[in-house]
Amino acid sequence: MAEFTSFTDLRAACLDLPAGDTSAADAVARREAELTKPPRSLGRLEDSVAWLARWQGRTPPRLARVEILVFAGNHGVTAQGVSAFPAEVTAQMVANFAAGGAAINQLARIAGASLRVIPILLEQPTADFTAAPAMDEAAFVAAVAAGYDAVAPDADLVCLGEMGIGNTTAAAAVAAALFGGGGARWAGRGTGVDDAGLARKQAVIDTALARHAALLADPLSLAAALGGRELAAILGATLAARRRGIPVLLDGFVSTAAAAPLKKVRADALDHALAGHVSAEAGHRMLLDELGLAPLLDLDMRLGEASGAAIAVLVLRAALACHTGMATFAEAKVAGKSR
C-alpha cells in the first residue's frame with residue numbers, strides 16, 4: 001500500500017528507487033549470442049528481453065501475468081471547449097469497457113493480458129486549471145496512491161492507459177510546463193477538434209502555464225496543478241512498478257506525459273518503462289524524444305485506452321518466444337560464426 005500522504009512523502013518515494021538487475025540482463029545477452037542467428041539479427045527484440053530480465057530480476061524473464069490498467073478521470077477544463085466530445089463520454093466509455101465493447105477489450109484478449117479499468121471520482125471533475133490548480137495536494141496524492149495500489153506485486157508486466165475527455169489538454173499542459181514551449185508546440189487535435197477548437201486548446205494551455213508559472217521548478221506540484229486524477233494514477237502506478245520490480249509499457253501521449261514528472265524528479269526514474277508505440281497525437285514523438293524513449297511501434301494510432309501498449313505486448317511475447325525457444329548453435333549442431 002502507498003505510504004505517502006504529502007508531496008514531501010511522495011518526493012521521497014520517487015527518489016528511493018531500486019536499480020535493475022544487471023546480471024540478469026547480461027545472462028540474456030550471453031544466451032542471445034549463442035542462438036542460431038547472426039549476432040544482433042533480431043535487433044530490438046533482443047534488447048526487449050534483456051530489459052524484461054533487468055527489471056524483473058530473473059532470467060529468463062516471463063510474461064505469465066500481464067496486466068493492463070486503464071485509469072479514468074474527468075477534467076474541469078472541458079468547460080473551455082477543448083474537446084470534440086462532452087465530459088459525460090468518460091463514464092459512458094467506462095461502461096463500454098465493462099461491457100467488453102471497446103478496442104482495448106479485444107486487444108487485451110489477444111495479448112493474453114488481464115484488463116482492469118479504474119475510474120477515479122468521475123462525479124468530481126478536477127478544477128478548470130485556467131482558474132485554479134486542477135487538484136490540491138491532498139487530491140493529487142490520493143489519486144497517485146490509487147494508481148500505486150492498483151499494481152499487483154506479482155505482475156510480470158504492467159501496461160498503463162487512460163480514458164478522460166479533456167486529458168490531451170492536460171497532458172499537453174504538463175509537457176509544456178516540464179519541457180518548455182507553449183500550447184502551439186504541444187497541443188494536438190485529441191478527440192478530433194477543428195481548427196477553432198485547436199486554437200482554443202492552445203490558448204487554454206498558455207493561460208494555465210502563466211497562471212501556474214510559480215510552480216515550474218516543482219514537477220509534482222505541476223502535475224497536480226495541470227494534470228488530472230487519471231494522470232496522477234498513472235504516475236503512481238509507474239512508481240509502484242519500479243519499486244516492486246515490474247517493467248512498464250506506457251501507451252500514448254497522455255500516459256507518457258503522466259509519467260514524465262518522475263524523470264524530472266530523478267533522471268533514471270523511467271528506466272523500467274518502454275514506450276509501447278508513438279501515437280499520432282502531435283506532441284507524443286517530441287515527448288518521447290525529451291524522455292529518451294524509443295517506441296516499439298509506429299502505427300499512426302491515437303486512441304488511448306492502453307491500445308498501443310497492448311499491441312506491443314505481442315511484440316514482447318514474440319521476443320521472449322525466440323529467446324527461450326530457439327536452439328543454440330551447439331544444440332542444433334550448426335557451425336557458429338567464423339573467427
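**A parallel sheet and two pockets**

Let me begin at one end of the sheet, where strand 4, residues 248-250, is joined to strand 5 by three bridges, the two strands running parallel; strands here are DSSP runs of E with at least two residues, helices are runs of H or I with at least four residues, both numbered from the N terminus, and two strands pair if DSSP finds at least two bridges between them. Within that pairing, Leu249 has Leu274 of strand 5 as its bridge partner.

Before I go on, please keep in mind that this is a predicted model, in which local features need pLDDT of at least 70 and side-chain atom pairs count only at pLDDT 80 or more, while totals for chains, interfaces and linings use all residues. Residues are numbered from 1 along each chain as its sequence is written, and side-chain values use heavy atoms, with hydrogens and water left out.

The sheet as a whole is open and has five strands in the order 2-1-3-4-5, with parallel pairing. Its edges are strand 2 (113-119) and strand 5 (273-275), each of which pairs on one side only.

Now to strand 1, residues 66-72, where seven of the seven residues are buried, buried meaning under 20% relative accessible area with a 1.4 Å probe and protein chains only. In a regular strand the side chains alternate between the two faces of the sheet. Here both faces are covered, with Val66, Ile68, Val70 and Ala72 buried on one side, and Glu67, Leu69 and Phe71 buried on the other. Strand 1 pairs in the parallel sense with strand 2 over seven bridges, Ile68 having Leu115 as its partner there, and it also pairs in the parallel sense with strand 3 over seven bridges, where Phe71 stands opposite Glu162.

What lines the largest pocket? A pocket is an open set of points on a 1 Å grid over the protein atoms alone, where a 1.4 Å probe fits, with protein on both sides within 12 Å along at least five of seven lines, and lining residues have an atom within 4 Å of a point. There are 30 lining residues, and Gly190, Thr191, Arg302, Leu303 and Gly304 lie nearest the centre. Helix 4 (89-99), strand 3 (157-163), helix 7 (167-179) and helix 12 (253-265) each give two or more residues to this lining, and helix 7 contributes the largest share, three residues.

Finally, the second largest pocket is lined by 10 residues, with Ala33, Pro39, Phe329, Gly336 and Lys337 closest to its centre.

Note on methods: Buried means under 20% relative accessible area, exposed over 50%, partly exposed in between (1.4 Å probe, protein chains only).
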